[in-house]
Each structure stands twice: as C-alpha cells, then as structure tokens.
Amino acid sequence: MANRLLTCLLAAALLALHAIPFRVIAAETEILMLSGTGSDDTVDWEFKVNGGRNADKWSSIPVPSNWEMQGFGTYHYWEDWNETPAPDSLGQYRHRFTVPESWENKSVSIVIGAAMTDAEVRINGVSAGPAHQGGFYQFSYNITDLLKFGEENLLEVDVQKYSSNESVNLAERQADYWLFGGIFRPVWLEAKPAAHIDRIAVDARHDGSFTVDLFLSGLSKSASVSAEVFTLQGKRLTKTKSRPVEAGQTIARISGTAKNIEPWSAEWPNLYQLRVTLRSDRSTTHSMDTTIGFRTIELRPKDGFYLNGQKIILKGANRHSIWPSSGRATNASLSEADVKLMKEMNMNAVRMSHYPPDTHFLEACGRLGLYVINELGGWQKSYDSEVGPQLVRETVTRDVNHPSIIIWANGNEGGWNTDLDDDFALYDPQKRPVIHPWHNFGGINTSHYENFDSGPNWFFHGEDLIMPTEFLHGLYDGGHGAGLNDWWKRIQSHPLGLGGFLWAFADEGIVREDQDGAIDVAGNRAPDGIVGPYREKEGSFYTIKEIWAPIYLPRTEVDTLPPSFDGRLRIENRFSFTNIDQLSFNWKLLAFLGDSLDGSKTEIVETGRIEPPSVAPLLDGFLEMELPDDWANNDALTLSAHYPDGREIYTWSWMLSDPSAVAERLLDNQDSNTTIEESTAAIVLRNGSSSAVIDRSTGMLSRLANDDFSSPLKNGPILLSGESELQSIDVENGIVVANYDGPLKQVSWELLSDGWLKLDYTFFHRYFEPTVYFGVSFDYDETQVSGARWLGKGPYRVWKNRKKGAEFGIWQKAYNDTVTGASWAYPEFKGFHDDVYWAQLQSDATPLEIVIASPDINLRLFTPSETEEPANTHVDFPAGDLSFLHSIAPIGTKFKPAAKHGPEGQPSWPHRGGQSFSATIFFRLTPP
C-alpha cells in the first residue's frame, strides 16, 4: 500500500507589505504515516510469527493490530510469562516506504505508538537504536542518517512477546487481563527542521497565566522563542515576548498570561490552541501547535481535591483499551464513543488501567470532559529502576499537556517502584499528584474492595482522603450499581470523600477465531464491565446514571407523590462549576390507556417546562412545576433534566395511580356469576368458558383453564418463609377461603367474569426472623413463554441493593436466558421486576395476564441461569417460577457478598412485634 502523507505542513507565504519580498516559511512538523491511524484504518505490512497459528511463513498483517486477533499465534489471558512461554514469542515485520527528497536536510524520526513487548527497529538493515522494552509506551528513534531520501527504504521491526527485562514481564505479562503481541498503535515518521523544538511541557492555570518549557535540538546559532494562545476558531488571545536562546541551548522557558479565558473542567471542557515558535534571522524556523486547557490542580491534605479553587468529587470507572475484534488496537471513534458512554452515566472521571491509553482517548477526554488518572504499567509487580525511569519519561512527556490528566498513578496493587515517584515531576511542570492505587499514600486512601464499614482509622473512620481506585468489582450482574447507593451516600456526604472508580467499564471479551467467532471473557475473570464487549448496556448502567446524576432530588427516594403535592421539589446541586439555572427541565403527565393489557399504551397528556432557579454549586434550592389542577388524575409524572448542551442528565418518574385504581380500570364491571363443583379432592370454580381448580388438601391452585386451553400456572401461592398447615377450606358466596395455622394465615379464590381469577392472601412474619424473601410463589413452565409486557419499573431487572435506574413505564422484552457478562441479550428476561402493576406473559399457546392490585410488589420471572463459578454474585432464588414479593434479594460483587456493601445488602426484617403482609392479584388465561 502506498505511503500516506498525513500532513504536509511546508508553507509558502507571500508577504505583500510595501516592498518586502515573500519568504518561504518552513514552520511545522511534517508527518508521514507508515501504518494506519487505528484499527479502522490500517496498512498491510509483511509479517511472520514463530509459533502458533500460521507460524513460520511470511504473509501480511494490518498495522496497527495485535497479531492474535489477525489469525496468528496463540491467545493468552493472565500469567503469560511462566516456565513454558507461549510458542508465538517473536513477530517479525517488514515494510517498504519512500521518503520525500525535500526531507534530506531535516531531522527525521520514526515513532512507534506502542509494541508488545520488546521491539527492535532496523532501517535499511541497520539498527535504529537499542531495543525498546515495555509494551504500552510510545517510543522513537532519530533515523536521519539511515534513510535514502527520494528512494525506497526498508523498515524491519522484530517484536518479542516477552521482554529480556524480567521486571517488564512481571509487570505486564503476569497481569489479570488479555495479553497480546504486536505493533498495536500507529507508526509514523516526523520530519523537523535541523534546528527545531523537540517537545514542550505546559502549565496553564485557570487565571490565564501559563509557562511553557521548550526542549530544543540542533541550534547552531542564536535564535528566539515565543508563544501564542488562540481560540479553537483561530482568534489570537495573547502573544509572549520573544525570549532569546543561544546556540547549543536545549531548554528554554517562556511565560505569559491569556486574558478572558474560560477555565477547563469536566463540566466545561474549554480548550485553546497554544503555538510555540522558534525563530532565527527574522524567519520562523519551527513551530508547534498543542491543544491545552487552563486549569489549576490542588490537593489539600485532610480536605479534598480542588480544581480551579473548587472542590471536586471524582465519579468514574476503570477502563481497558479493548475491542472484541481487534484486542488492544482501537481507534479515535471508539475512544470518543467510550467517553460519551461514561458521560451518559454521569461519570466525570476515568482511570487508565493499567497502562497509558491511546492518545486519541485522552484527546476525547479533554474535548468532552473527563478527569483522568493516567497510569504507569505494573499489575502487582513493578518495573525495576533500570527500565522504569524510561517508561515514566515516555508516559509523562507524551501526555503532559492533556488538561484531562489530573493524577499520575505509579503502577497498581503493589506494582509500585517507589524509586520512580519523584520521576513524574521531572517532566511535569504542573507537579500533579502521584498515587499508589490500592495503597494509602500521599494523603489519599485508594484501598480496593473494602467492606462498607472498614476501620478503625481507615476510610470513613480515618483522616486521609477517601478514593478507592477500584471498588464494587463487577461480576456478571453483581457489583457496579449493586451497593453503589449505600457507598455513594457515604462518600458524597463525607468531608474527606474524594470519589471512587468502579471496576470496570467494559467486559473484556475478545472474538476467538479458534472458537467459531465466540466471544471469550476468560471464565469469570473478565465479564466485569458495566457494558458488554460491544458496549451493550447492563442494568447497572442506568443505576449509575441516576445515582451519579449531578443533581439530586430527595423526593425520588419514594415512588409516589402525596395528594398535597404542589409541584415544588427540593433539589441539591452536586455540580462543582454549574449553576442550576444553566440546565433545562421539563415535566410530563402520562396516561397508560386501554381497558386491557393489549390495548394499553403510553400517552403524553400534558407537558411543561420549568424555569430553573439559580442554585450555585453544592447548594440546595427548589424546582417549581406549574402543574394543572387535575394533575393527580393521571397515571404518572416524569421530570427530565438536561445539561446545557441538551444531553439528558436523568428522567425520574412517579406513579400517581395506585395499583388498586389501575386494577379497577382494567377489571371494570366484573361479576362473580360463578358455579362451584366440590369433590373430596378439589373445588372447581366455573365462570363462562373459564375454570379454576383448587386443591382441597392445600388450598392451592392446581389448574387454570379457558375452554380447552390450560395455563402452566399452578401450585401456588406457596409461602416462601416458614411452614403452615391448612386448617379449613370453605366456600362462602362463591369464594373459596382457606385458613392456615402458621405464618400463612389465609388464601381466598374468586373467579370473575372475563376469566379473571382473583387471589387474596395474608401472612404474618415474626420480628426475630430476618429473611430474604417475603412473598409467595407459583410453578410455571417457562418453555412456553416468548416474552413479557408490563406496567411497572423497567426495563431492567432489579436487586434489593440495585433499584435505582429503573423507572415507571410500559415495557416489552423478549424471552431470553442471558447470563450477564457471558451472553449479551439485554435486558435480561429473568429476575425481579420492581413495582409491577400489570403484566402479560406472552406465549403462542397459553398467554397469561396478571394484574397486581396491591402496592410495592416485585414480580419475579423465573430463575436466571448462571455460570459454574458465580462466586459472591450467586443468588438463591425462591421456590417456584413466578413470585409476588414484598422483599427481594440483593446481589454481591466478585470479591464480597452483598451484606458487606451496606444496609441495602442486608437481610430484611419486619417491624418490631412482627408484620402482616397481604396482597390482591388477578390472573387470566387468554386463548391464543
């Protein structure tokens, strides 16, 4: 494939000022791409691997890529470096390219974005320099003297999957993630004038002041340097005075102040263009443009993290650079999409785990607004002091000017070489804080996977800032949102709460060519994302979106509004830099219409906009909704909040109609023209074409039928706690009444017209018996079910410790048996569904309609399948298949059971003295 000149920035300028002749200005760096720019734009190179698939023969491979994802070598997850390393230890690359003749008097370097793990580069058969060690770092060589200008050149790169430095293998190849080989980031040539600017490091403060450190090369005579700040639209804001530099000088510093700038933050990611220029003999020798943001970072011990003088709380996740079909090779579009997904969850931060990311991801964070912890590699083992300093240098010098980066991380979970701590500041004029993730270091306690109430002298009981860099480790459907409400209330309200980072953003699954294209998440090691491999959204996505919304409405802690509600809602502003009056709000009144489940739909009855009040960051105020007088006659009220750019913050909902009113509307004018047939074994109720058979020995339903069609619903209601014994069963005015001795007190059955079977039940639970489930169950053959439609909260299932993020509506989903994180048909069909009013189990043979006339009932649909080793995310589901529950189970995380993550993960207790529970439920079998 032909070489591509990505940017040729040689310019000729005609200066027509009076009699001054034009000059040729050779100003900016020229770039010639040798590879593609990302996984969506590649260039084929010659390639050979020494083991595994397609070994020992020259073919071609797209660059950038990981060779395992292109049909070569072998796949590896974790502990790749051991006594018997993988056979694909060496990948050899060849590529031919032509350099413009005009570059002959320039300084030319080859830059490799990253190669796993050791890389040796040759140009025209001659080594470009020492082999680079470390698989996640950008490195370069000056190859001016090795090139043939205007002619074809040969590039050869030998990439060793394992390093000759044992500490690199320990830090990178014995790690809990997919381990790849190859050149997986772009490769290009840079041509600069002989006298040029190598790089710059900027410290731009929120008051507009800035300093720039310039690193210079090739100055054979005196010159000058200057800096200018522009808006992204090209308007110049300021220019520094030229500063002289002498021949041979390699470092210079210039300072200035840009007036009327807007500071950068994750809420307001204002960016500017900085241009630094090297001039000699009144001509521009070289210039360099860099995108910057003006912001000031300050860590105040025992107080908090301050940006631009304002305290901030970090809400984020850990992110791997990963895509199922390309491994660690990604592209700018994927980076932007990931940042947008994080912003959609109301995150404001991301931790790079466990290596520096692609530069396009950092660019997206800067442009769209995310705070970044950028991390040196090292998973529980650290680089030694031979290779470590070079890798710190490569990390910081590449990324120092990104305003999104606010913290450096020196490795992870014991992978810290403390000798490297001071090295970060050598290249960072901003002197950003350095942390040791998993450790209490530098005044920030970042400990991972703690119990909710750790202590003493630790976390919420200590004196250091609280910021777990990994917590609520996701596994399948556990963690992430499950437990977050308890954790976040604690962090948000604590004076030392600095924030936290969930593990992890995405399931780290890859497409396995050797497994017929299946996605492999390495058992239970890698299905720990909030989103799936292709960014499929789990239920926790929406839980996080609500809990981390930067505005909080205390009234959302309950699902209903009182009759006295006057449209006034208290609001907490949890932004750091945004006033509530910069947002937009609207409300909707909804009706769920129809006199049957099939006819029900959502209708918007009335809408209105809210004039947002002026509420400064971190203060409280009130929203005023001007609702019509008859607002309470509708079914539901929703409130939506939007960012200044129009993106949704969240939409909350409240049901206005109670379940009994909805049931009355759906079952209007029902009569009980029922005939009763009794035998020693059963009581049969008949009404028209419908019939119900009640087992006389148990009082339970044994058959529900319509004409010749029989429902799978039977053997219920079974009480889920305690043993009860039938004492009597009688027929009273067409109603079958069963009385019990034990926790279950009474069950009654009534068959109404149109085939509706009415169930009333009552049970009692004693105070000193905590339990997971309060409720009743039925058997139901799920093989006949094709889907479900319901009015209630949805569309995702819930857990006791993950009810946030589900809102009222009419929902529909197809039947599936998804194991979250191992398969990705979402929303999952099976599980607990909150505050259900009515539902239809869809079936080609025996559809069942359900109306729940009592409040706060969770509908359990069957038992989800799970993997062989679910660890703490295993949940014991109640007996039976369909359940009507007054309390449900929580779910744990990968490392801890639910009870260790706060009150919502604890068992349920009835109130002191015991508690009586009752409900009214209607069933109807409708012929197909």
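Thr 231 sits in strand β19, which spans residues 223-231. In this predicted model, Thr 231 has a relative accessibility of 16%, so it counts as buried. Leaving aside residues up to four places away in sequence, Thr 231 touches Leu 237, Tyr 272 and Gln 273.

Pro 563 tells another story. Pro 563 belongs to the loop between β39 (551-552) and β40 (568-573), and with a relative accessible area of 81% it is exposed. Pro 563 and Phe 585 are 22 residues apart in sequence, and their C-alpha atoms are 23 Å apart in space.

Now for the cores. The largest nonpolar core has 95 residues, and among those with the most contacts inside it are Leu 314, Met 347 and Tyr 371. Leu 314 touches residues including Tyr 371, Ile 406, Met 467, Trp 488 and Phe 501, again not counting residues up to four places away in sequence. A second, separate core of 46 residues includes Leu 701, Tyr 780, Phe 829 and Phe 917.

Then there's an open sheet of 9 strands, in the order β52-β53-β54-β55-β64-β61-β60-β57-β58, with antiparallel pairing. β52 (725-732) and β58 (807-814) are at the edges with a single partner strand each, so one side of each has no neighbour in the sheet. From one strand to the next, the twist averages 20°. Within the sheet, β57 (residues 787-794) and β60 (residues 838-842) pair over 5 bridges, with Gly 787 opposite Gln 842 in β60. Helix α8 (residues 659-666) lies across β57, β60, β61 and β64, and runs at about 135° to β61.

On to charges: the whole structure has 50 salt bridges. Here are some of them.

| Salt bridge | Closest N to O |
|---|---|
| Glu 463 – Lys 302 | 3.6 Å |
| Arg 570 – Glu 572 | 3.6 Å |
| Lys 803 – Asp 834 | 3.6 Å |

Glu 463 and Lys 302 are 161 residues apart: Glu 463 is in the loop between β34 and β35, Lys 302 in the loop between β25 and β26. Glu 463 is exposed, at 55% relative accessible area. As for the Arg 570 pair, Arg 570 is partly exposed at 34%, while Glu 572 is buried at 18%.

Lys 803 and Asp 834 link distant parts of the chain, 31 residues apart, with Lys 803 in the loop between β57 and β58 and Asp 834 in the loop between β59 (831-833) and β60. Lys 803 is partly exposed, with a relative accessible area of 32%, whereas Asp 834 is buried at 4%. Elsewhere, Glu 46, Arg 94, Arg 96 and Glu 152 are joined into one network by salt bridges that share partners.

Conventions. Residues are numbered from 1 along each chain as its sequence is written. This is a predicted model: local features need pLDDT of at least 70, side-chain atom pairs count only at pLDDT 80 or more; totals for chains, interfaces and linings use all residues. Side-chain values use heavy atoms; hydrogens and water are left out. Two strands pair if DSSP finds at least two bridges between them. Helices (H or I, at least four residues) and strands (E, at least two) are DSSP runs, numbered from the N terminus. Axes are lines fitted to C-alpha atoms, for helices over the stretch in contact, and angles run from 0 to 180 degrees between N-to-C directions. Contact means heavy atoms within 4.5 Å. A nonpolar core is a set of buried Ala, Val, Leu, Ile, Met, Phe, Trp, Tyr and Cys residues joined through side-chain atoms within 4.5 Å. Buried means under 20% relative accessible area, exposed over 50%, partly exposed in between (1.4 Å probe, protein chains only). A salt bridge is a side-chain nitrogen of Lys or Arg within 4 Å of a carboxyl oxygen of Asp or Glu.
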